[in-house]
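The exercises below concern domains, charged pairs and one further side chain. Work through each task with the structure open, then compare with the solution.

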Amino acid sequence: MLGLMAPDYLEREVFCRGPEPFMRGVKESLAALGFDLTRYHQESFGPPETAPAPEVEAPEIRFTASGVSTACAPGETVLAAAKRAGLNIPSGCNFGLCGTCKVRKTAGGVQMLHNGGISEDDIAAGCILACGSRPLGKVAVEI
Ligand code: FES
């Protein structure tokens, strides 16, 4: 099919973007077809730069809509604490890119690391990405 769409594909630069299994399949197919992989490029994502977990005394999250509160382990994210407490916050990438885990924080502060999955407007409106946010004390989240 590739040969029909781009008969000169063996001479082209290839830029690939998509889910990891798809990109792996494209790369393997091109290699099998004799493509020079020095001209193959793909998009890669990784977790945001790590930062040391803040030292916080008694971090705690109150999930206001569900009426559940839980103490957090040092460095535990809001997403991990919610799962441990039996609550579901939809999530996808788990490294601050997709924005699926965006929730509204109504009280307290968090250390939030992300990969661009939240806008400055959302942050100003009180939203956080649960997968990359660690409580800095007592926090309330609307789920
Ligand atoms: S799960 Fe993708 S940004 Fe949190």
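**Exercise 1.** In this predicted model, classify Asp122 as buried, partly exposed or exposed, then find its salt-bridge partner.

Solution.
- Step 1. The relative accessibility of Asp122 is 21%, so the residue counts as partly exposed; the buried class ends under 20%.
- Step 2. The partner is Lys102, and the N to O distance between the two side chains is 3.0 Å.
- Step 3. Lys102 belongs to strand E5 (residues 102-107) and Asp122 to helix H4 (residues 120-124), so this pair links distant parts of the chain, 20 residues apart.
- Step 4. Lys102 is also partly exposed, at 37% relative accessibility.

**Exercise 2.** State which domains the chain is divided into and how far apart their C-alpha centres lie.

Solution.
- Step 1. Domain 1 covers 2-44 and domain 2 covers 60-141.
- Step 2. The C-alpha centres of the two domains are 38 Å apart.

**Exercise 3.** Give the number of salt bridges in the structure, then describe the pairs formed by Asp8 and by Glu43.

Solution.
- Step 1. The structure contains 7 salt bridges. Side chains of opposite charge can pair when their charged atoms come close.
- Step 2. Asp8 pairs with Arg12, with 2.8 Å from N to O. Asp8 has 34% relative accessibility and is partly exposed; Arg12, at 41%, is partly exposed as well.
- Step 3. Glu43 pairs with Arg17, and their closest N and O atoms are 2.7 Å apart. Glu43 sits in the loop between strand E2 (40-42) and strand E3 (60-63), and Arg17 in the loop between strand E1 (14-16) and helix H2 (20-32), so the salt bridge ties together parts 26 residues apart in sequence.
- Step 4. Glu43 is partly exposed at 29% relative accessibility, whereas Arg17 is exposed at 64%.

**Exercise 4.** Locate Glu76, decide whether the residue is buried or exposed, and list its contacts beyond four places in sequence.

Solution.
- Step 1. Glu76 lies in the loop between strand E4 (68-71) and helix H3 (78-84).
- Step 2. Its relative accessibility is 13%, and Glu76 therefore counts as buried, the limit being under 20%.
- Step 3. With neighbours within four places left aside, Glu76 is in contact with Ala71, Ala81, Arg84, Ser133, Arg134 and Pro135.
- Step 4. With Arg84, the side chain of Glu76 makes a polar contact of 2.8 Å.

Note on methods. Residues numbered from 1 in each chain as written. Predicted model: local features only at pLDDT ≥ 70, side-chain atom pairs only at ≥ 80, totals over all residues. Heavy atoms only, no water. Domains from an automatic or database assignment. Salt bridge = Lys/Arg side-chain N within 4 Å of Asp/Glu carboxyl O. Buried < 20%, exposed > 50% of the residue type's maximum accessible area, 1.4 Å probe, protein only. Helix = DSSP H or I, 4+ residues; strand = E, 2+ residues; numbered from the N terminus. Polar contact = N/O pair within 3.5 Å; in protein donor to acceptor, adjacent residues only side chain to side chain. Contact = heavy atoms within 4.5 Å.
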